[in-house]
Amino acid sequence: MNNVLSLLEDTKDRELLKIAEKIVNSERISEEDGVTLFEKGTLGYLGTLANFVRESKHGDNTYFNRNFHIEPTNVCVFSCNFCSYSKLYAKRDEGWELSVEQMMHIVKKYDNQPVTEVHIVGGVHPKMTLEFFVDLLKQIKSHRPELHIKGFTPVELDYMFKKAKLSVEEGMALLHQSGLDSLPGGGAEIFHPEVREQICADKVDANGWLHIHKAAHNLGMHSNATMLYGHIEKYWHRIDHMERLRQLQDETKGFNTFIPLKFRNKDNDMSHIAESSVIEDLKVYAIGRLYLDNFNHIKAYWPMLGRHNAQLTLNFGVNDIDGTIDDTTKIYSMAGSEEQTPAMTTKELVTLIKQANRKPIERDTLYKVINDFSVIEA
Ligand code: V47
Ligand code: SF4
């Protein structure tokens with residue numbers, strides 16, 4: 001423990017030293033501390049501390065999951081300014097909308113593949129009702145009962161529950177009974193209304209997002225949380241966002257993973273905003289690790305961040321790296337991620353993790369170990 005502080009002995013700033021002491025003593029840092037970390041923390045300082053926390057929790061274990069994605073539609077009634085889908089509602093003919101049958105065809109394509117999870121997320125199409133998704137969930141479960149279904153953001157859920165005239169609790173219970181196992185982290189963006197009203201004014205607000213995750217947690221489901229950073233938000237908006245997540249996690253313990261998502265600026269209404277630097281990206285991951293002391297896992301989603309930068313994050317608090325099999329999720333390639341090529345193979349991902357001197361561990365959605373690739377060949 002003292003080793004970590006001695007590594008930081010060149011840090012002259014008293015405030016930063018105090019925060020470092022809190023972290024090595026497992027004391028929670030305050031919102032003010034969080035902002036100070038963004039304002040003054042150097043990459044070396046933040047990396048040392050985030051790595052200390054990461055290794056205390058997980059050693060070198062670096063998790064990944066074999067999953068595939070279904071995007072039911074890219075048409076969306078909402079108009080988030082950062083989204084490269086949103087303009088499609090007016091020109092719906094140019095978008096796609098999959099029938100339950102077409103989605104089942106995708107599920108069946110993976111019949112003989114060792115995937116453990118399907119991640120379902122897309123735009124909000126008025127024709128895709130709660131009933132439609134209940135049918136989809138039931139069909140997936142009857143075809144492949146052990147496949148974990150992680151699906152729908154509170155944006156999609158809020159819309160379908162309201163349309164079905166059900167409360168959040170009733171709607172969540174119905175989906176859970178129909179086969180939905182957990183919720184992904186999307187739709188969170190930045191919670192604070194000062195930012196939210198400028199980037200995604202018309203969709204579910206912070207309280208609505210948190211309410212839906214809480215309802216899922218109360219049913220025993222787990223979920224993830226994201227934060228879309230690197231656009232118009234200030235440091236304190238990021239901390240406010242993480243604070244709201246930390247508070248709900250104290251209450252429910254239902255979150256598995258925090259996933260910072262780097263804003264990409266191609267073909268959307270925020271294209272004039274420059275993307276964040278790699279330095280800033282690494283700081284966000286490290287501070288996420290330090291602030292969210294009650295989250296077990298911090299995940300880098302490489303299709304969005306780029307595989308080389310994702311590899312770097314493994315020294316800045318990240319212990320999970322997502323995206324294998326055919327993860328060519330279109331929302332990212334449309335938004336300008338350089339990762340347009342098909343997914344990394346398991347072997348490539350294992351190599352990437354080993355190059356960072358970490359242990360590649362294949363997990364299921366709930367972090368049960370499936371294969372330890374530090375002792376077997378990929
Ligand atoms: O909520 C949209 C983001 C999210 C852009 O839980 C953009 O395991 C950057 O949440 N630049 C949806 N990001 C995806 C998501 C996710 C992804 C991977 C794993 C998990 C998980 C969740 O995508 C949206 C939004 O924040 N997004 N447009 C953009 N231009
Ligand atoms: Fe619709 Fe989601 Fe895009 Fe917003 S981010 S416009 S809710 S698909």
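How much accessible surface does the chain have, and what share of that surface belongs to carbon and sulfur atoms? In this predicted model, the accessible surface of the chain comes to about 15700 Å², and 50% of that area belongs to carbon and sulfur atoms.

**Figure 1. Overall view of the predicted chain, with its 16 helices and 11 strands.** The C-alpha trace spans about 60 × 50 × 40 Å along its principal axes. The radius of gyration of the chain is 20 Å, which agrees with the value near 21 Å that a compact globule of 378 residues would have. Buried residues make up 60% of the 378 residues, and, among contacts with a separation of 6 or more, 76% are accounted for by residues 24 or more positions apart.

**Figure 2. Close-up of the β-α-β unit formed by strand β3, helix α6 and strand β4.** Strand β3, comprising residues 117–120, helix α6, comprising residues 130–143, and strand β4, comprising residues 148–151, make a unit that is right-handed. The strands β3 and β4 pair in the parallel sense over four bridges, and Val 118 stands opposite Ile 149 in β4. From strand β4, the residues His 148 and Lys 150 point one way, whereas Ile 149 and Gly 151 point the other way; all of these residues are buried.

**Figure 3. Close-up of Met 160 in helix α7, which covers residues 154–163.** Met 160 counts as buried because its relative accessibility is 2%, which is under the 20% cut-off for that class. When neighbours within four places in sequence are left aside, Met 160 is in contact with Thr 129, Leu 130, Phe 133 and Phe 152. Leu 219 provides a further point of reference for this view: Met 160 and Leu 219 are 59 residues apart in sequence, and their C-alpha atoms are 19 Å apart in space.

**Figure 4. Close-up of Arg 246 in helix α11, which covers residues 235–252.** With a relative accessibility of 4%, Arg 246 counts as buried, since that value is likewise under 20%. The side chain of Arg 246 reaches the backbone oxygen of Tyr 291 at 3.1 Å. Leaving aside neighbours within four places in sequence, the residues in contact with Arg 246 are Arg 28 and Ile 29, together with Tyr 291, Leu 292, Asp 293 and Asn 294.

Notes: Residues numbered from 1 in each chain as written. Chains lettered and ligands numbered in written order. Predicted model: local features only at pLDDT ≥ 70, side-chain atom pairs only at ≥ 80, totals over all residues. Heavy atoms only, no water. Helix = DSSP H or I, 4+ residues; strand = E, 2+ residues; numbered from the N terminus. Buried < 20%, exposed > 50% of the residue type's maximum accessible area, 1.4 Å probe, protein only. Polar contact = N/O pair within 3.5 Å; in protein donor to acceptor, adjacent residues only side chain to side chain. Contact = heavy atoms within 4.5 Å. Pairing = 2+ DSSP bridges. Right-handed = clockwise from strand over helix to strand, strands pointing away. Rg over C-alpha atoms; globule rule 2.2 N^0.38 Å. Areas by Shrake-Rupley, 256 points an atom, 1.4 Å probe, with all protein chains shown as cover.
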